[in-house]
Amino acid sequence: MSEPTTKGTKAYQFIFTLYPESQQPAIDYIKANWPCAWALHDKDVHTEQEFVEYAKKHEGNCPEWQVGDLKKPHIHFVVRFKNQRYASGVAKELRNKAGTGGSEAPSRTGGNLYKAYVYLWHQNDLDKYQYEPDIVGLHDFDPPQQNERLRLYKREEQRNQRENKGEDVLDEI
């Protein structure tokens with residue numbers, strides 16, 4: 001696991017990606033103790049963009065995997081604490097309570113909680129495998145609602161489209 005990308009920064013929410021094969025104690029700890037939503041991703045595949053990025057990062061060397069190969073099963077977490085916490089403190093708790101050894105948990109603060117939540121089934125990432133929303137598990141976590149202003153805007157846009165279609169039909173008559 002790598003150092004948190006937000007060391008020294010406080011946040012209410014964090015996003016984790018953990019691997020059951022090596023981080024099951026941390027996974028179990030988070031599910032039981034932190035206000036979170038999670039989803040197992042076991043159908044994600046490596047993309048061409050990931051292949052290119054890997055080669056750049058590794059001086060032109062190719063990864064062991066090919067484009068289209070399944071990624072290792074992993075669990076995405078969206079955690080929302082009642083009080084702000086340091087990423088380093090979150091990682092330390094995982095080390096101490098979940099027995100993850102001396103390594104840091106991969107963590108970063110999330111900006112838009114709704115987008116982070118719907119990413120759990122790739123709702124807005126149509127180029128990725130589309131999981132069903134019911135794969136999401138919850139513990140003491142209220143799923144966020146889409147921004148009310150955005151919902152009203154979309155509703156108005158749909159109404160305008162319906163009205164415009166009606167005008168098109170009238171023009172043809």
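Visitor: What percentage of the 173 residues in the protein is buried?

Guide: Caveat up front: this is a predicted model, where local features need pLDDT of at least 70, side-chain atom pairs count only at pLDDT 80 or more, and totals for chains, interfaces and linings use all residues. Residues are numbered from 1 along each chain as its sequence is written, and side-chain values use heavy atoms, with hydrogens and water left out. "Buried" is under 20% relative accessible area, "exposed" over 50%, and "partly exposed" in between (1.4 Å probe, protein chains only). Of the 173 residues in the protein, the buried ones make up 33%.

Visitor: And how much of the area that the protein exposes comes from carbon and sulfur atoms?

Guide: The protein exposes about 11400 Å² (Shrake-Rupley, 1.4 Å probe). The part supplied by carbon and sulfur atoms is 47%.

Visitor: What pattern does the protein follow along the sequence?

Guide: You'll find five helices and five strands here. These are DSSP runs numbered from the N terminus: H or I of at least four residues for helices, E of at least two for strands. Read from start to end, the pattern is β-α-β-α-β-α-β-α-β-α.

Visitor: Of the contacts between residues at least 6 apart in sequence, what percentage joins residues at least 24 apart?

Guide: A contact here means heavy atoms within 4.5 Å. Take the contacts between residues at least 6 apart in sequence; the portion joining residues at least 24 apart is 76%.

Visitor: Is there a single pair that shows this kind of separation; how far apart in space are the C-alpha atoms of Ala 11 and Asn 83?

Guide: Ala 11 sits in strand E1, residues 10–18, and counts as buried because its relative accessibility is 9%. Along the chain, Ala 11 and Asn 83 are 72 residues apart, yet their C-alpha atoms are separated by 8.0 Å.

Visitor: How are helices H1 and H3 oriented to each other?

Guide: H1 (residues 20–33) and H3 (residues 87–98) pack with their axes 9 Å apart, at an angle of about 105 degrees. Angles of 65 to 115 degrees count as roughly perpendicular, under 35 as roughly parallel, over 145 as roughly antiparallel and the rest as oblique. So H1 is, relative to H3, roughly perpendicular.

Visitor: Which residues of H3 meet H1?

Guide: From H1, the partners are Pro 25, Ala 26, Tyr 29 and Ile 30. By class, this contact has six nonpolar, no polar and two charged residues. On the H3 side you get Glu 93, Leu 94, Lys 97 and Ala 98.

Visitor: How many disulfides does the structure hold?

Guide: Take two cysteines: Cys 36 is buried at 0% relative accessible area, whereas Cys 62 is exposed at 53%. A disulfide needs a pair of cysteine sulfur atoms within 2.5 Å. The number of disulfides in the structure is zero.

Visitor: His 122 has a positive phi, so is it buried or exposed?

Guide: Most residues other than glycine have a negative phi. His 122, though not a glycine, has a phi of about 60 degrees, and lies in the loop between helix H4 (113–119) and strand E5 (137–139). With 0% relative accessibility, His 122 is buried.

Visitor: Asp 140 has a positive phi too; is Asp 140 buried or exposed?

Guide: Phi of Asp 140 is near 50 degrees. Asp 140 is in the loop between E5 and helix H5 (148–172). At 56% relative accessibility, Asp 140 is exposed.

Visitor: Which residues does Val 118 touch, leaving out those up to four places away in sequence?

Guide: Val 118 lies in helix H4 and is buried, with 2% relative accessible area. Beyond four places in sequence, Val 118 touches Gln 123 and Asn 124.

Conventions. Axes are lines fitted to C-alpha atoms, for helices over the stretch in contact, and angles run from 0 to 180 degrees between N-to-C directions. Ala, Val, Leu, Ile, Met, Phe, Trp, Tyr, Cys and Pro count as nonpolar, Asp, Glu, Lys and Arg as charged, and the others, Gly among them, as polar.
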